[in-house]
Amino acid sequence: MLTDGLDHVAVITNDADRLQRFYIDIFGATVERDGPEMPGGPRMVILRIGAETELDVFEIEGNTQADHQTPMFGRGRLDHLGLRAPDIEAFDEIRRRLMAAGATDGFVTDFGPKLSVFFRDPDRMECEVLVTNPDAIPGRFNPPGTHAARYRS
């Protein structure tokens with residue numbers, strides 16, 4: 001394989017400060033840069049969301065694209081963002097923070113090799129956090145909506 005994952009995903013927002021606070025509070029993101037992309041250009045915030053991964057946030061006056069969220073697979077070329085938690089403990093903490101922020105109902109899907117929790121960020125962009133499933137059965141893949149046994153209450 002000649003690549004090593006994603007370097008960044010770029011999104012458009014109407015409120016970079018609000019989005020920045022969300023990703024800092026929930027995921028512990030750090031701000032790498034905040035200012036015009038170029039002289040006279042739109043505001044660009046670079047959030048470090050992983051060791052080698054950025055969320056590049058653009059706030060462009062008059063641009064309303066952040067207001068257009070439609071059902072899954074009807075959102076255009078970039079449907080949703082999937083973030084990776086390094087371990088189950090980090091996944092559980094992220095899930096707890098997302099629930100406290102009202103960004104998810106906390107439902108955890110067991111996809112087989114991975115566990116997933118979906119959330120919506122402050123711009124209503126659908127995203128998910130995934131982690132390697134410590135209870136995975138080799139070769140078993142489950143459809144969306146399969147409840148993860150370890151999260152049944």
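How many salt bridges does the structure hold? The structure holds 10 salt bridges, and several of them are described below, after an account of the chain as a whole. The model is a predicted one, and what follows should be read with that in mind.

## The chain as a whole

The chain has 2 helices and 8 strands, and, when it is read along the sequence, these elements follow the pattern β-α-β-β-β-β-α-β-β-β. The radius of gyration is 16 Å, which is close to the 15 Å that the globule rule gives for 153 residues, so the chain is as compact as a globular protein of that length. Along its principal axes, the C-alpha trace spans about 55 × 35 × 30 Å.

Of the 153 residues, 37% count as buried. The chain exposes about 9,400 Å², and carbon and sulfur atoms supply 53% of that area. If one takes the contacts in the chain with a separation of 6 or more, residues 24 or more positions apart account for 58% of them.

## Charges and salt bridges

Side chains of opposite charge can pair when their charged atoms come close. The chain carries 17 positive and 26 negative charges, and the mean positions of these two groups are 5 Å apart.

One of the salt bridges joins the side chains of arginine 43 and glutamate 59, with a distance of 3.8 Å from N to O. This pair links distant parts of the chain, for arginine 43 lies in strand 3 (residues 43-50) and glutamate 59 in strand 4 (residues 53-59), 16 residues apart. Glutamate 59 has a relative accessible area of 26%, so this residue is partly exposed. Another salt bridge is formed by glutamate 54 and arginine 48, whose closest N and O atoms are 3.5 Å apart. Buried means under 20% relative accessible area, and therefore glutamate 54, at 15%, counts as buried, whereas arginine 48, at 22%, counts as partly exposed.

A further salt bridge brings together the side chains of aspartate 135 and arginine 150, at 2.7 Å from N to O. Here too the pair links distant parts of the chain, since the two residues are 15 residues apart, although both aspartate 135 and arginine 150 belong to the segment after strand 8 (126-132). Aspartate 135 is partly exposed, with a relative accessible area of 44%, and arginine 150 is likewise partly exposed, with a value of 41%. Elsewhere, salt bridges that share partners join Asp17, Asp34, Arg43 and Glu59 into one network.

## Two valines of strand 1

Valine 11 is found in strand 1 (residues 8-13), and valine 9 has its place in strand 1 as well. Are these two residues buried or exposed? Valine 11 has a relative accessibility of 9% and counts as buried, and valine 9, at 12%, also counts as buried.

Not counting residues up to four places away in sequence, valine 11 touches Leu19, Leu55, Asp56, Val57, Phe58 and Met125. With its neighbours within four places left aside in the same way, valine 9 is in contact with Glu54, Leu55, Asp56, Leu78 and Leu81. Valine 11 and leucine 78 are 67 residues apart in sequence, and their C-alpha atoms are 9.7 Å apart in space. Valine 9 and threonine 70, by contrast, are 61 residues apart in sequence and 19 Å apart in space, C-alpha to C-alpha.

## Isoleucine 49 and arginine 124

Isoleucine 49 is placed in strand 3, and, with a relative accessibility of 24%, this residue counts as partly exposed. Which residues does isoleucine 49 touch, not counting those up to four places away in sequence? They are Ala29, Glu54, Leu55 and Leu83. Isoleucine 49 and glycine 28 are 21 residues apart in sequence, while their C-alpha atoms are 7.6 Å apart in space.

Arginine 124 has its place in the loop between strand 7 (114-120) and strand 8. Phi of arginine 124 is near 70°, which is a positive value in a residue other than glycine. Arginine 124 is partly exposed, with a relative accessible area of 41%.

Note on methods. Residues are numbered from 1 along each chain as its sequence is written. This is a predicted model: local features need pLDDT of at least 70, side-chain atom pairs count only at pLDDT 80 or more; totals for chains, interfaces and linings use all residues. Side-chain values use heavy atoms; hydrogens and water are left out. Helices (H or I, at least four residues) and strands (E, at least two) are DSSP runs, numbered from the N terminus. The radius of gyration is taken over C-alpha atoms; the globule rule is 2.2 Å times the number of residues to the power 0.38. Buried means under 20% relative accessible area, exposed over 50%, partly exposed in between (1.4 Å probe, protein chains only). Contact means heavy atoms within 4.5 Å. Accessible areas come from the Shrake-Rupley method with a 1.4 Å probe; for residues, only the protein chains shown count as cover. Lys and Arg count as positive and Asp and Glu as negative; His and the chain ends are not counted. The place of a charge is taken as NZ of Lys, CZ of Arg, CG of Asp or CD of Glu. A salt bridge is a side-chain nitrogen of Lys or Arg within 4 Å of a carboxyl oxygen of Asp or Glu.
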